[in-house]
Every structure is written in C-alpha cells, then in structure tokens.
Amino acid sequence: MLNLNPALHLFKFPQTPTKRFPSLKHVCDQGSLNEAFKSLTSLLTQQHSPELSLDAAYSPLLELCAKKKALPEGQQLHAHLIKSCAVWDSAFLSTKLVYMYAKCGAVLDARKVFDKMSHRTVFTWNAMIGAFAANGEPFKAIEMYNEMRGFGVRLDSFTFPSVLKACVAVCSLCCGEEVHGLAVKCGFDDVAFVVNSLVAMYASCNDLGAARKLFDGVGDKEDVVLWNCIISGYSARGMSDEALGLFREMQNVGVAMNTYTFVAALQACEESFCGKVGMEIHATVLKLNYCVDIYVANSLLAMYVRCGKMEEAARFFGDLDDKDIVSWNTLLSGFVQNGLYEEALMLFRDMQRFGHRPDQVSLLNILAASGRLGSLSSGMEAHAYATKNGFDSDLQVGNTLIDMYAKCSCVNLMGRAFEKMPNKDFISWTTIIAGYAQNNCHIEAFELCRKVQMLGLEVDAMMVESILSACGALKCVPLVKEVHGYAIRRGLFDLVLQNAAVNVYGQCGYIDYAYRIFNLIESKDVVSLTSMISCYVHNGLANEALELCHFMKETNVEPDSIALVSILSAAASLSALMKGKEIHGFITRKGFILEGSVASSLVDMYARCGTLKNAYNIYNSVRNKNLILWTTMINAYGMHGHGMGAIDLFKRMQDQQIVPDHITFLALLYACSHSGLIDEGKGLFKIMRHEYQLEPWPEHFACMVDLLGRANRLEEAYHFVNSMESQPTAEVWCALLGACRVHSNKKFEEIAAKKILELGSKNPGNYVLVSNVFAARGRWEHVEEVRMKMKGIGLKKNPGCSWIEAGNKVHTFTARDKSHPQSIEIYQKLAQITETLEREAGYVVQTKCVLQNVEEEEKVQMLYGHSERLAIAYGLLNIPEGTPIRITKNLRVCMDCHTFTKLISKVFRRVLVVRDANRFHHFEDGICSCGDFW
C-alpha cells in the first residue's frame, strides 16, 4: 500500500483556491494511484512551494479513489487531511469524501463525514442519498431525501436519479409518482437524465404504459440512455416484440448504440423464433466492433443459449478471445438446460484446465448435470471441490447436492449431505423426501414427512406429491386415500396433485378411482392425459389408452415425449402397427430427436408389431445408442427367434464399451432359449456372473431352465434347479413344468407341480399351468383342487383374448365371442375356412388341447371358438390380399390353433404374424418361424 507521511511538514493551505495543479489532475486522469500519490507527495515536500489550494490538491485524488474503489487509499487521504491541517471545514472536500466512501461501499463512513459537516450543500445531500441508493439501503435514501426537503434544501436535477432508483428498489410506484410530480413542479421534467430516470422507474415498477407515454413525449430522441431505458423495460417484462420493435426503430432513427443497447435487445431474444433477430443483432455488433465488449459478448452467448442454438453458442464461445466466469457459466448453464450433460462435464473440466475457478453457479450446474447423467464420480468430484472452497455451506449448493445424490441412487451420501447442512429450508426437506421416495426408501420418506409436521413446517403440494409416489410404490391404497384426503382438506389438491393421484391410483390398480379423478380435472393438460394413458397401459387396457389418444387429439393437447412413450407402449401391446406408424409420423413431423426413451419405445413398438426390419432401421438411425436401446434391439431379435442376431448385436455392444446389465442378459438368455442355442446361452450365463459380476435374478434361472427344457435336457435342467444357491422361485419350477409337459416327462412334472403349489403365487398363470398338466393326465380331482385353491386366494384365470388391427381400429375378440358387429359374417367365414382346411389340407381337430372335462363335441366347439380363430376370420374378411394379417394373443397359442394357422397360410396363401404370450410366429406357406416349438 502507498503511504503518505502524516508527520510531513506541510505549508498552511488557504481555504480559498489560489493556484490549480493541472499536472496533478493530469496524473490522476491517467488513472494510476501510485503515480498520483507520488505526485502529491512530491508537491507537498517541495521546500519553496507556493501556497497551494487544499481543494485542488486532494479533490482529484479522492475522485480517483472513488473511481478505483480504493477504500484504503481513500482512508489514508482522509487521515492525512485530519492530521495535517489544524483547522479545515471544506464543504467541497467533505462532499468528495462522502462520494468516495459511497463509491467504495463504506456507507457508514460516508454518513459519519456527512453528520460532522457544519455546512452541507445540495451536492452533499445528493452524494449521501446516492450512497444509500447505490449500496442497497433504499429506505434510508428515501428517508434522507425527506430530511433534505424538511430542511428546505433546494433540490437540483441531480437529486432525482438517486431518489427514483431508491423508489424502484422498494417497488414503490406511489413514491416514484410523487417524485415525478415534484420534478415537474421544480421544472426538471425536461432534463434528459431526469426523464431517463423516470422512464426507468416506471418500467421497473411495471407501469410500462406511463414509461412509454414519457418516452413518446420526448421530442428529440437522440439520447441513447432514453432508448436503453425503454428497451430494457420491455425486455425485462418479457415483452420481446415491443423491445425488438423499439430496437429496430432506434436503428432507423440513427441513434448511436452502446453496450447497454445491445445487452437489452439481446435479452429480449428469449424464444427460438427470436433466434433470427438475435443473429441480426449479432451481425450489427460485429459491424460496429462491439464484440470485444465482454458484456455484449456474454449477452450474445446467453441469447444463443436461450434460443436453444447450442451449436452456435459453443462456436461463438470458442471464438471469444476474452472469457470471464460469466461466459463459462452461461455456456455451462446452456448445456445443462438443453440436456447436453456430457458436454457440460467436459466444459467444466476445460474451465479448470484454463485456470478459471468455478463459482457457486458453476457448481450448481455441474451438480445438476452429474445428477441427470447419474454420474456419481463427477458429482462427488464437484462435492469435494465445494467442500474445499467453502461452497458446501451454501443453502442452494446443499439442496442441489441432495438432489444429485438422489438421482445417482446414492441414498447414504444423500442423507449425509442433508444432515451436514448447517441451515435447511423448505426446499431441503422437500428434496430429501423426494429423494427417498424416488429410491424406494418409502418408510424413510414417511418418517421425514412426519418430522416436517412436528417441526411445524408447512407441507406443500410438492411434498405431498413425493409422499403419494411412495404410497403408490408400496401399493398401499388406504395410505393413498389418506394422503389424498389430507391434500383436499388443506386446499393443496391442485392440478399437479390431481395428475399425481391419477398416476398413483393407476399404479395400485384402482382404475375407477383414477378415471374418476381424471374426469374431475377441469383443465386437463398433457400430464393429466399421459397419467391416465399410463394407468390404462399399466393395467392391460391398451385399447382404452388408444381411445384416450383420440380425445387428446380432439382437445388439441399435443403429446410430449413421455406421453409418446406411453402411447407407443399401448400400440405395441396390441400390435397396432398402423397406430404405431401414425405416432412415428407425428414424432418425425414435430422434430422430436430420435434418442433415449422415444427411440427405444419406437424400436420396441415395431418389434412387437412384428416388423423386425423397421425396428432395426430405427435402431440403426440413432446416433447415440444407450444401453436401453441396445437391450431393446437384442430383445426384438429374441422375440422373433433370431438368437444369433441377438448374440451378434451383443458382441457389437461390447465393442462399443457399453456395459450390459441384468435386463440385457435376460433378453439374451430369452433369445437363446427361443432359438435352441444351448451352449451359447450357458456361455452367456457364465459371462454374466464371472465377467460382469452380476448375480442372477430368479428370471435368469427360469430362462436357463427353459433353455435346457426346450432341448429335452430335463435331467440337466432339474439338477440346475437343485444347484441354485438361493431358493428356486415358483417361476423357475414353472419353466421346468412347462418343458416336462411338452416332453411328457411324468417324473419331473410331478415334482415341479408339487413345488409350485407349495410355494404359492399371486400369478394365476402358475396355477393354470399346474391345472393344465393335471387335466392332460385326466386327473380331474386334482384339477378341481387347484381351481378351488385359486378361488380361495382370490385369483382368476385370465380369459383368452386376441386383437387385430384393421381400418385404423383395433378389434378385440374373446373365446366364442359374438359381440362384434360382423359376428355373423365372422362365424360363417370361420366355418368356411374350417371346411376348406378339412377338405384340402386334411385338417383334423386336436381335442386333446382342450383341458376340460367335457364331451368331445363340446371340445370341438370350444376349439372352433378360440379368440385367435375369430380374429383370423375377421382378418380374411377385411384385410386385402398381399397385406399380412397381424394378430396378438394374451395367452400361449394352443397346438391345434397353431396347426390351423399354418394350414391357412398354405391353403389361402396369406402371411400371418401372430404374437402370443411366449413369442412371435411368422406363418407363411404352411411353415411357422418357431419350428413348431414354443
């Protein structure tokens, strides 16, 4: 720090200026504090110096300290003045001191100087009002203004800008209007900078009408500040059209623009449609060479980010020579807001590599990106940086840390971050409760909610939504109803909670409750419709889900990506190819990017609709393939019996360094099972356990048993089950029983059936399989016992149901169904088909497939009325030749219907694609793709 010697002998300064020091002022104008202090010291130490003016000597230096915000140096000057001069009472210098302290943010020191002054000028009062207004104490500024008027000090034009600024800070339009009235009374309403301040005040106090009236009333609009005030006012209130219109008008008038003009205009470019205007402003900036200004550069960067033009933003950022922390944070925020989380992580690393220290904003963005990516390592790295640099005590950083750990499914670290927070606000509690609910820690979520109530904190709709989510996951309907009632009583049951309630009741299988709430929603948005569609899909009511899509279209509610995934799932469930293609077309027209859940849902839809080629084309067109997409395509190959295709795809996936999970291996084992690839399946099971350290689920064991059982290696399958480290589940024994039934192995059949009944199950299909095995052996007493057991535990056999899409509508058939409008034609057609097959292809009905204790004739009639036959007959009546007939059945196709369909494909020369509960069957020219084993 530079020092002035307080003991230095000074000449006695006269109070009246006698001589100016242009050389000292010149030095101060150069802006160097060091040189200015040296110059003053030199002047004061000259032995034969003429008498000097105190005001002239110190005034330039005080102004320089104010400009540089050099408080220590300003305090030195103040001390020197006090110690070196026996008596001084210069109102001029005291005012300069007030001004200097104000500019340096030392309001208390400014007030002390002000209070000690025996004589104050209007400039002194203005300086003190400005000090309060500029340093976040607007009420004191207004109080000082009132005091000034009380003392009868005559106001000048410079009083008004500071007072008006204070009015804006306290959001007092009334006070601003009063000051406006006084400005008119004093005759300052035509002073340019007073008018500018008034326009800014009205705009900031949300009275743009008054601001515009003042602006329009100015005759000669050549003041750039005036234009900036009105453009900024519209821009800040989101009125982009008006702001940009004024910007163009300003260009046409020919007023020279400055940094603030461009910043205000660029802030008005908020939406994607403003991007073109933003680029025009960019061109003007380049033309006038304002791009070197960091404020303009950052505003341009922010404009591209807001308009979603991230490629342009990144390119512009790369071309910047000077980047400050705002530049880095703007691009970082842009990447996060636009879902480019990997790019955000890379930018954060570059930021540190180039020597820029991340601040709180940087951390918040990188924590958000880490959470959305599920990148625990990146999140923990950011957490460590926050701790090291003291950001972890910040409330917002703490809340974001909780959210990041929640999204990374790291519950322990999430809880620890919450406990370590020195201060917690309502958002902290809401975030931790949501985190527990999202990570299946439902009891912890409930306990924290009770704690919130005990602490007397207000429970809001967001917290109730998290609790509802926990109730839904627990399938605890009484608790759902309790929370639902609480929300209604507390007046919290807004649209968000109504949508959540629809979703939760749907998860719990209470479709009527869900529909009732959905019906009561007055203004249904896309989330309302998506929740109800998801409810239908989740509960196997895909037809109702597609009907709701028509309602969505009629009410002009555009589906978002989440809604599209649910609709595609409904189309896939019914193999409704035309509906699926319609949704695909909508996705293309609306410019949805084929990635993530939308891409994988499209692949799954085409695969489950029987068009494997289309599924692969979608898969192949996706640039960034994630694990879910790879797994979906592997599963698609498997369900169509292309086991080697699934394995080849898995190898390509490994080459891309994509790490498989449990679901991937389940899809692979399923594919091997349905393609008879026994050795390959066994090899994959070993790779899963030993190479990827994934412990098999019961479903993986069931797949392995099915794989061995299909190859009639029942002894090996049985030993495999017995060698399991964990207790075999009912599903594992069902896989063995199904194979025993196909290969007529009574020994293991009896063991498996006994085990299934001992273990019990909530799946009616398991009991039906046991019942069918007993029925095939003629053990009707045991069949009755199984049925009574099912009835006792409230289980019912799912009735057979088939769907076929024709005429842009999905038609549903159940066994011996006569509800269809074309029922008479369908049964006539079916009789004709059966007669033709008997005559031309030697078809003989296989009554052994009817596992009921009835007469043979009854069995024949039952087989003739199977739902898939009715669907086939309808297809032959309504689907033109050359078009494949696509049918979906909810149960396994029986052997007789399988033979029946093969013969139809040969005799009637039609391609039929049937998806049953097990797999796809492609029938053509009397051959099925399953090789008669399914």
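I take buried to mean under 20% relative accessible area, and on that cut-off Trp-733, at 3%, is buried. The model I am reading is a predicted one, and I keep that in mind for every entry below.

**Entry 1, aromatic pairs**

I began with the rings, and found that the structure holds 25 aromatic pairs. The pair I looked up at the outset is that of Tyr-718 and Trp-733, which is tilted, with 6.4 Å from centre to centre and 50° between the planes. I then placed the two residues along the chain: Tyr-718 belongs to helix α42 (residues 714-722) and Trp-733 to helix α43 (residues 730-743), 15 residues apart, so the pair links distant parts of the chain. Tyr-718 is buried as well, with a relative accessible area of 17%, which falls under the 20% cut-off.

I turned next to Phe-813 and Tyr-874, whose rings also form a tilted pair, 5.9 Å centre to centre and with 50° between the planes. Here I noted a link between a strand and a helix, since Phe-813 lies in strand β2 (residues 809-814) and Tyr-874 in helix α49 (residues 867-878), with their positions 61 residues apart in the chain. Both partners are buried, Phe-813 with a relative accessible area of 1% and Tyr-874 with one of 4%.

I also followed a cluster in which ring pairs link Phe-114, Trp-125 and Phe-151. The ring of Phe-114 has a charge over it too, for the charged end of Arg-120 sits there, 4.3 Å from the ring centre. I found another arrangement of this kind at Phe-900, where the charged end of Arg-869 sits over the ring, 4.2 Å from its centre.

**Entry 2, the sheet**

In what order do the strands of the open sheet run? I read the order of its 6 strands as β2-β1-β3-β4-β5-β6, with mixed pairing. The edge strands are β2 and β6 (927-928), each of which pairs on one side only. I checked the β2 edge and saw that strand β1 (residues 801-806) pairs with β2 in the antiparallel sense over 6 bridges; within that pairing, Ser-802 stands opposite Phe-813 of β2, the residue whose ring pairs with that of Tyr-874.

I then worked along β4, β5 and β6. Strands β4 and β5 run antiparallel and are joined by 4 bridges, with Leu-912 standing opposite Phe-923 in β5, and a hairpin of 4 residues joins the two strands. Strands β5 and β6 also pair in the antiparallel sense, over 2 bridges, and I noted Glu-924 opposite Ile-927 in β6. Their hairpin has 2 residues between the strands, and in it Asp-925 takes a positive phi near 55°.

Which helix packs on the sheet, touching β4, β5 and β6? I found that α50 does so, and that its direction makes about 35° with that of β5 (920-924).

**Entry 3, positive phi outside glycine**

I looked up two further residues other than glycine with a positive phi. Phi of Arg-909 is near 55°, and this residue is found in the loop between α50 (895-907) and β4 (912-915); Arg-909 is exposed, with a relative accessible area of 76%. Phi of Ser-744 is likewise near 55°, and Ser-744 has its place in the loop between α43 and α44 (746-759), where α43 is the helix that holds Trp-733.

**Entry 4, helix α15**

Why do I call helix α15 (residues 259-268) largely enclosed by the rest of the structure? I do so because 8 of its 10 residues are buried, and I listed among them Thr-259, Phe-262, Val-263 and Leu-266. At its N-terminal end the helix is capped by Asn-258, a side-chain oxygen of which lies 3.1 Å from the backbone nitrogen of Tyr-260.

**Entry 5, His-442**

I closed with His-442, which has its place in helix α26 (residues 442-454). Is His-442 buried or exposed? At 8% relative accessibility I count His-442 as buried. Leaving aside neighbours within four places in sequence, I found His-442 in contact with Tyr-436, Ala-437, Ala-470, Ala-473 and Leu-474. I also looked up the separation of His-442 from Ile-756, which is 314 residues in sequence and 31 Å in space, C-alpha to C-alpha.

How values were computed:
Residues numbered from 1 in each chain as written. Predicted model: local features only at pLDDT ≥ 70, side-chain atom pairs only at ≥ 80, totals over all residues. Heavy atoms only, no water. Phe/Tyr/Trp six-rings, centres within 6.5 Å; stacked < 30°, edge-to-face > 60°. Buried < 20%, exposed > 50% of the residue type's maximum accessible area, 1.4 Å probe, protein only. Lys NZ or Arg CZ within 6 Å of the ring centre and 35° of its normal. Polar contact = N/O pair within 3.5 Å; in protein donor to acceptor, adjacent residues only side chain to side chain. Pairing = 2+ DSSP bridges. Contact = heavy atoms within 4.5 Å. Axes fitted to C-alpha atoms, helices over the stretch in contact; angles between N-to-C directions.
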